[in-house]
Amino acid sequence: MEEPRVLSIILGGGKGTRLYPLTKERSKPAVSFGGKYRIVDIPLSNCINSGYKKIYLLTQFNSASLHMHITNSYNFDRFSGGFVEILAAEQTLEHSGWYEGTADAVRKNFIHFKTQNPTHYIILSGDQLYKMNLKAFMDAHIASGADVTIATTAVNRRDASGFGIMKIDSNNRVKEFMEKPNKDLNIDSWKIPEEARGSLPKEKEYLASMGIYIFNAETMEEVLNNEYTDFGKEILPMAIGKKKINSYIFDDYWEDIGTIRSFYDANIELTDPKPRFNLYDGECPIYTHMRNLPASKINKAEIDSCLTSEGCIITNCKLNRSVIGVRSIINDGCNLDGVIMMGADFYDMKTKAGVPAIGIGKNCKIAKTIIDKNARIGENCKINVSGKKYEDGDYGTFYVSDGIIVIRKGAIIQDGTVI
């Protein structure tokens, strides 16, 4: 049988309002993650580790930072035929608007996709945390004879209300789709059939769409030959009954990191002794920009359950359950607890009058905070440790979401500030 010609399409998402202010100056896939990575590195690495190296990334908001990261990170040799290419929304003679939704974004780029003559498309989300063998996913799709396969994850009834839910038969054929069922709605008839459950946890009785799909190429063109704009809400529900649509049950770790809370929790969980998302996997590494930075220098510190990236200088501090990004400078007497520090794009140790250097000055106490890149925090500052409560919202140099304080990119926090 001829090897399938697979084209991977990563959807960069919209304005990323739920991740604001991290998305104020960058697209959602370009947001830093795990100290040294970007969110987009996750789906890209899944593609590369699965042998699928023809990848398009669709985006339209704040794509400059993302474009620079992709250019600096993903360069395949000329003999592999691989590429990672960003397709930002563009005006043509056929269409002049922005991407109106996930399906619309794919439809507007068929002119680029068809040059690769694919037999199959894999559609991936740009803001999810998981490791999936996409080759196994593709093999299951081909073996089933399906036109479309939807990757699904098992959820309990409470979580089911936040997802598109699938009803399947004992052969994993999708029979119905429901978008975010109301918490009070009885959906007992939508439970996963026993024949399809395998080793799934008992309390997880429903199948939620992960927003990850495989389409046969001709099926993709056919179902997008209309004005519908979204895969999950319109295209797939319309295709059920007309096309053979299967479910591929993914029973490993998967997390949507589209909100400040979920983003914070997913990062901090990386500091656990055995995190559910394993960065230390030699067989399926996460790829990113090779920066050629020096090793981190630790000048006396008490560090418990932390990730420290390259190029940091940490002096006489206490760090607990924190993720420290590249080029982070943390000075004498600081105490960080539950902090995500994204680090810096450059070193800046020469202070100007009245302006703190990039990093964290002496004797600062900071808890449950995300510090975006290139922030300047002066000496003797206290952030989220004074007991002061803030309503969610924008406070100038910082933003509050669900009790988590986000220090803005490039913010200047003067000496002695209490937040």
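**A selection tour, from salt bridges to backbone outliers**

Select R107 and D104: they form a salt bridge, with the closest N and O atoms 3.3 Å apart. A salt bridge here is a side-chain nitrogen of Lys or Arg within 4 Å of a carboxyl oxygen of Asp or Glu. The model is predicted: local features need pLDDT of at least 70, side-chain atom pairs count only at pLDDT 80 or more, and totals for chains, interfaces and linings use all residues. Residues are numbered from 1 along each chain as its sequence is written, and side-chain values use heavy atoms, with hydrogens and water left out.

**Stop 1: charged pairs**

Stay on the opening pair. Both residues sit in helix α3 (residues 102-107), three residues apart, about one turn of the helix. Helices (H or I, at least four residues) and strands (E, at least two) are DSSP runs, numbered from the N terminus. R107 counts as buried at 19% relative accessibility. D104 is buried too, at 7%. The scale: buried is under 20% relative accessible area, exposed over 50%, partly exposed in between (1.4 Å probe, protein chains only).

Now pick K373 and D345. Their side chains meet in a salt bridge at 3.1 Å, N to O. K373 lies in the loop between β21 (365-371) and β22 (376-377), and D345 in the loop between β19 (335-341) and β20 (359-360), so the pair ties together parts that are 28 residues apart in sequence. K373 is buried at 6%, while D345 is partly exposed at 35%.

Add K108 to the opening pair. Salt bridges that share partners join D104, R107 and K108 into one network. The total by this rule is 19 salt bridges.

**Stop 2: helix α10**

Select residues 260-269. Eight of the ten residues of this helix, α10, are buried, so the helix is largely enclosed by the rest of the structure. Which residues of α10 are buried? They are I260, S262, F263, Y264, A266, N267, I268 and E269.

Then show R276. E269 forms a salt bridge with R276, the closest N and O atoms being 2.7 Å apart. E269 is buried at 17% relative accessible area. R276 is exposed at 52%.

**Stop 3: the largest cavity**

Keep F263 and N267 on screen; both help line the largest cavity. A cavity is a set of points on a 1 Å grid over the protein atoms alone where a 1.4 Å probe fits but cannot get out, and lining residues have an atom within 4 Å of a point. Grid points are joined across faces, edges and corners, and the volume is the space filled by probe spheres set on the points.

There are two cavities of 30 Å³ or more. The largest holds about 40 Å³ of space. To complete its lining, add S32, F33, G34, G35, V323, G325, I340, M341 and M342. β2 (32-33), α10 and β19 each supply at least two lining residues. By class, the lining has six nonpolar, five polar and no charged residues. Ala, Val, Leu, Ile, Met, Phe, Trp, Tyr, Cys and Pro count as nonpolar, Asp, Glu, Lys and Arg as charged, and the others, Gly among them, as polar.

**Stop 4: nonpolar cores**

Select L58, V106, F113, I123 and F231. Of the 38 residues in the largest nonpolar core, these touch the most other members. A nonpolar core is a set of buried Ala, Val, Leu, Ile, Met, Phe, Trp, Tyr and Cys residues joined through side-chain atoms within 4.5 Å. Helix α9 (residues 231-239) gives the most to this core, with four residues. Apart from it lies another core of 29 residues, including V40, Y52, M210 and Y248.

Zoom in on F113. Leaving aside neighbours within four places in sequence, F113 is in contact (heavy atoms within 4.5 Å) with L7, I9, Y56, L58, L87, V106, P118 and Y121.

**Stop 5: N46**

Move to helix α1 (residues 41-49), where N46 lies. N46 is buried at 5%. Outside its neighbours within four places in sequence, N46 is in contact with Y130, K131, M132 and L134.

**Stop 6: backbone outliers**

Most residues other than glycine have a negative phi, and most peptide bonds are trans. Three spots are worth selecting here.

- Y20 to P21: this peptide bond is cis, with omega near 10 degrees. P21 lies in the loop between β1 (6-11) and β2.
- N117: phi is positive, about 50 degrees, although N117 is not a glycine. N117 sits in the loop between α4 (110-113) and β6 (120-125), and is partly exposed at 47%.
- R327: phi is positive, about 60 degrees, again not a glycine. R327 is in the loop between β17 (323-324) and β18 (329-330), and is buried at 15%.

Terms used: On a 1 Å grid over the protein atoms alone, a cavity is a set of points where a 1.4 Å probe fits but cannot get out, and a pocket is an open set with protein on both sides within 12 Å along at least five of seven lines; lining residues have an atom within 4 Å of a point.
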